[in-house]
Amino acid sequence: METRIGFGWDSHVFKAGVPLRLGGLSLDHPEGLAGHSDGDVLLHALTDALLGAVAAGDIGSFFPPGDPRWKDADSAIFLNLAMEELEHADFRIVNVDTTLILAAPKIGPIAGQMRARVADLLNLGIDQVSIKAKTPEGLNLDHVAQCHAVALVERVIEPDDLKSMSDVIESQRQLEDVVEDLLASVHGVPKKRGESVYDTEDIT
Ligand code: MG
């Protein structure tokens, strides 16, 4: 099974008077993340991880930051685009893992809800989505939220692919039969299905 991995990272600055969107959730917090879109660092990092897994570019190449169409946009739109690119490349997600780095709010109490939301957006089971969080200890970046994300993806095997694989196996089996018949006729060894005709003691 062909698997590939993708990595994504993003950061946005906290700003008063902006609603906080994180992991696809609206959170009650005095500050939100400033950005051209809704500033959801987690969904942006995940979008880049998925695009990266199939080498399909990055979020900025699909959604230029200056484009008025994406002003205050719901970042689920970006994630959907990445999922379409993945599907187009015949891959599906095995699992995603993320680490948020921010001073506040505390993610622990809402991590389960956030995992469920992200799993929903990605059409995955909750066990395929991991959300972890750390404080920016020693970084002097309490005014910033960052997120790292990785995604493992695997190639989707279509029923048609399975059919052609079984056709190859069948033709290999037929070829082996022909070789066995040929060797048996050359060396006069009576063919017994399942017994090797390559046994030197038998044919010399
Ligand atoms: Mg961003």
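L100 is in contact (heavy atoms within 4.5 Å) with L22, V41, L42, I107, M114, I131, K132, A133, K134, Q146 and C147, leaving out residues up to four places away in sequence. The model is predicted: local features need pLDDT of at least 70, side-chain atom pairs count only at pLDDT 80 or more, and totals for chains, interfaces and linings use all residues. Residues are numbered from 1 along each chain as its sequence is written, and side-chain values use heavy atoms, with hydrogens and water left out.

**The nonpolar core**

L100 is, together with M114 and L122, one of the residues that touch the most other members of the largest nonpolar core, which has 49 residues. Such a core is a set of buried Ala, Val, Leu, Ile, Met, Phe, Trp, Tyr and Cys residues joined through side-chain atoms within 4.5 Å. Buried here means under 20% relative accessible area, exposed means over 50%, and partly exposed lies in between (1.4 Å probe, protein chains only). Two or more residues come from each of strand 2 (20–22), strand 3 (25–27), helix 1 (41–53), helix 3 (76–88), strand 5, helix 4, strand 6 and strand 7. Helix 1 gives the most, with nine residues. Helices (H or I, at least four residues) and strands (E, at least two) are DSSP runs, numbered from the N terminus. In soluble globular proteins, nonpolar side chains tend to be buried together.

**Strand pairing around strand 5**

Strands count as paired if DSSP finds at least two bridges between them. Strand 5 (residues 91–101) runs antiparallel to strand 7 (residues 144–155), and 10 bridges join the two. Strand 5 is also joined to strand 6 (residues 129–134), by six bridges in a parallel arrangement. T98 has a bridge partner in each of these neighbours: A149 in strand 7 and I131 in strand 6. L100 has C147 as its bridge partner in strand 7. Strand 7 is joined to strand 1 as well, by 11 bridges, and these two strands run antiparallel. There, A149 of strand 7 stands opposite G8.

**Helix 4 and the crossover**

Strand 5, helix 4 (residues 111–121) and strand 6 form a right-handed β-α-β unit. Right-handed means that, with the strands pointing away from the viewer, the path from the first strand over the helix to the second runs clockwise. The buried residues of helix 4 are A111, M114, V118, A119 and L121. Viewed down the helix axis they fall within an arc of 160°, so they line one face of helix 4; the arc is that of the directions from the helix axis to the C-beta atoms. These buried residues pack against strand 2, strand 3, helix 1, helix 3, strand 5 and strand 6. In the loop between strand 5 and helix 4 lies P105. The peptide bond from A104 to P105 is cis, with omega near -5°.

**The magnesium site**

The protein donors of the magnesium ion are D10 (OD), H12 (NE2) and H44 (ND1), at 2.1 to 2.2 Å from the ion. Donors are N, O and S atoms within 2.8 Å of the metal (3.2 Å for Na, K and Ca); water is not among the atoms, so sites may look incomplete. Along the chain, the donors follow the spacing D-x1-H-x31-H. H12 belongs to strand 1 (residues 3–16) and H44 to helix 1, so this pair ties together parts that are 32 residues apart in sequence. H12 counts as buried, at 14% relative accessibility, and H44 likewise counts as buried, at 6%.

**Loop residues and backbone angles**

Residues other than glycine with positive phi include the following.

| Residue | Phi | Place | Relative accessible area |
|---|---|---|---|
| D72 | near 60° | loop between helix 2 (59–62) and helix 3 | 54%, exposed |
| D90 | near 65° | loop between helix 3 and strand 5 | 34%, partly exposed |

N123, just after helix 4, takes a positive phi of about 55°.

The loop between helix 2 and helix 3 also holds W70. W70 is buried, with a relative accessible area of 16%. Leaving aside neighbours within four places in sequence, W70 is in contact with H36, S37, F62, F63, P64, I77 and F78. W70 and S37 are 33 residues apart in sequence, and their C-alpha atoms are 5.8 Å apart in space.
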